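Me: I would like to go through this structure by question and answer, with the reasoning set out before each result.

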There are 2 protein chains.
Amino acid sequence: MNPTTHDRLLADFAAGRKAALARAISIVENHRPGFEEVLAWCHPRTGRSRRIGLTGPPGAGKSTLTTCLTRAYRASGLTVGIIAVDPTSPFTGGALLGDRIRMEDVALDPGVYIRSLATRGSLGGLSAATRETCDVLDAFGIDRIIIETVGVGQSELDVARMADTSVVVLVPESGDAIQTLKAGLMEIADIFTVNKADRPGADRLRNEIEIMLGMRSGALQQNVPAHHGVDLSRNNLVRQVREAAQSDTADAWTPPVLRTVAAKDEGIAELVGALDRHFGYLERSGRLRERRLARLRERVVEVVEDKTRRRLWADAGTNAWLEARLPELERGEATPFGIADALLARSADLLTRTS
Amino acid sequence: MNPTTHDRLLADFAAGRKAALARAISIVENHRPGFEEVLAWCHPRTGRSRRIGLTGPPGAGKSTLTTCLTRAYRASGLTVGIIAVDPTSPFTGGALLGDRIRMEDVALDPGVYIRSLATRGSLGGLSAATRETCDVLDAFGIDRIIIETVGVGQSELDVARMADTSVVVLVPESGDAIQTLKAGLMEIADIFTVNKADRPGADRLRNEIEIMLGMRSGALQQNVPAHHGVDLSRNNLVRQVREAAQSDTADAWTPPVLRTVAAKDEGIAELVGALDRHFGYLERSGRLRERRLARLRERVVEVVEDKTRRRLWADAGTNAWLEARLPELERGEATPFGIADALLARSADLLTRTS
């Protein structure tokens, strides 16, 4: 990108032109020339958006919920960015496309910006692309960014690390709350919502999650003496967990477990309310700054690793040197570890040059 | 690991003791102390196993097919290693566990070694762990290694890069062959099999894949003049693709599209035959050496990136330095790119020391 084009893009971007936003995101997403400059320009302008992560198993209705949330925020005059992250292959990713189509009504709203990220690159790459897209949307002045991801493997944890607030969406059919625990979601969820809550099993799932949350936070241990053992009925446990949750102080947050029926637009006000309460808690407790500092730290780590990789493997000399060592490696006279050490030993200038 | 324990482990390993194999794999998989030594010891002993990748959508019957293949190889007196790679979260990974149970009959065979890899680490980490486990099995003298993965995102491509031969398993229900194309599987498949081929739609799927393969390889363009346009019926196209496939020379391989019904043990001999033919082709054409050299190269890249990461982020000084820069970053006075450059600039000794 030549300096003039670059300056014009950033001027248009600063003037709030949506075409410039789309262009900036494309440059960043595909790491086209000038992407570092765009991101560096965006960096001091970030920090105003609230970033909301939405994750859960396929079919939980995350996209419908995203649509409902978007409508609610738009009704309050807030602009919304939606990043749909799909780390799955086309084999399993078909559902997402359908969801995108259902989202059309909000997509036509000029106060909404939607971007799907589904590169075939590494998951690490996808996570960097998501983080960078968030920064661009944030710098553009978007008020709420919803990062929606299909719950596959590492991705929910990645999204949680990018968001100020993580919402885990479950459905009665997703069954055992134990799955949620195993997936590591208990640790990352700031808010749970049992979506499609008009189906059988919604209350049972909600209770199970609340019990597990109580066990985690120690709320039960504090409130129920271990030797008491009289009224350990589920309802009583749940009641106690709920009471513990009411006592949120600046220093503690117990994830609420909400009920939504996104398809009927039910429970959305409560979800918006819980998101606001959580953001308030983050601000009051200093956790917002902590999370954002942790995110900045991770961002530097990501950039360092990306730069390392590009500096090493874009270098013809390094590749030629490695190529020449392959026969030794093939004959078993050298090991990948020895070659790797030697490669790094000869790459000091390459790795540490400022670019 | 102290030197004595280490020597005893390797002596037991060299003597073919299965407990030593399990122990070595655990050390490598979890990167426990001594893992580099174990892998370095294994490295010159690798290259005898044939590595077979099996991938496809969830529910395609990959595990049943793996069991059938294993039985067939065992009947020929060959030892078999199975690596089941599951990059999905517990939300979607439930099926795999069921499959493992069905695999029990081969699991009890002392000539079979099964390992599931489903770390919650990065996908990159999973791919390195798979490659390393392959090397250990290979060094142990296992004849055939079957790497089975759920077709989710990047993983099929990763597995293809690790295998000598990649088998893509489809089912009539997986429907449109276009999905296969979109998933990038056309490029990586050495052999296709339509499994559950006793169900409706098997022949249609098979034909569609064969037509797409023909289009890719240019077989049709060579055999059917573009202006001919008379008998472009599907059956004629398929016949011509099949004829083109018959003419495999040392320099060309057209992936065969087989039919299997793994649950009834049907078509397994044909699959074993196709695997042998493909391996013969790889040897004759020099592609085997090419693939293995490419694998060694990727292995070095992987080790370099792992070492870089460990050297940088395990260093207290680097972390303290980065921590001290976070406030500037937060205030927007510095960008992640600037900090990353400065971090690398101060890390020359760290990155290039031999460890």
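The exchange below concerns a predicted model and takes up one helix, one loop residue and the nonpolar cores.

Me: What distance separates the end C-alpha atoms of helix 16 of chain A, and what span should its 15 residues have?
Reply: Helix 16 of chain A covers residues 316-330. At 1.5 Å a residue, its 15 residues should span 21 Å, and this agrees with the distance between its end C-alpha atoms, which is also 21 Å.

Me: At which residue does a kink lie in helix 16 of chain A?
Reply: The helix contains the proline A:Pro327, and a kink of about 30° lies shortly before that residue. The place of this kink is A:Ala324.

Me: Is A:Arg17 buried, exposed or partly exposed?
Reply: A:Arg17 sits in the loop between helix 1 (3-14) and helix 2 (18-29) of chain A. A residue counts as buried with 20 or more other C-beta atoms within 10 Å and as exposed with 12 or fewer. Because A:Arg17 has 14 such atoms within 10 Å, A:Arg17 is partly exposed.

Me: Which helix gives the most residues to the largest nonpolar core?
Reply: The largest nonpolar core holds 93 residues, of which B:Ala24 and B:Ile147 touch the most other members. The greatest contribution to this core, eight residues, comes from helix 7 (residues 123-140) of chain B.

Me: Which residues is B:Ala24 in contact with, leaving aside its neighbours within four places in sequence?
Reply: B:Ala24 is one of the two residues that touch the most other members of the largest nonpolar core. With those sequence neighbours left aside, the contacts of B:Ala24 are B:Leu9, B:Phe13, B:Val38 and B:Val136.

Methods:
Residues numbered from 1 in each chain as written. Chains lettered and ligands numbered in written order. Predicted model: local features only at pLDDT ≥ 70, side-chain atom pairs only at ≥ 80, totals over all residues. Helix = DSSP H or I, 4+ residues; strand = E, 2+ residues; numbered from the N terminus. Expected span 1.5 Å × (residues − 1). Bend = angle between axes of the 7 residues up to and from the residue. Core = buried A, V, L, I, M, F, W, Y, C linked by C-beta atoms within 7 Å. Contact = placed C-beta atoms within 7 Å.
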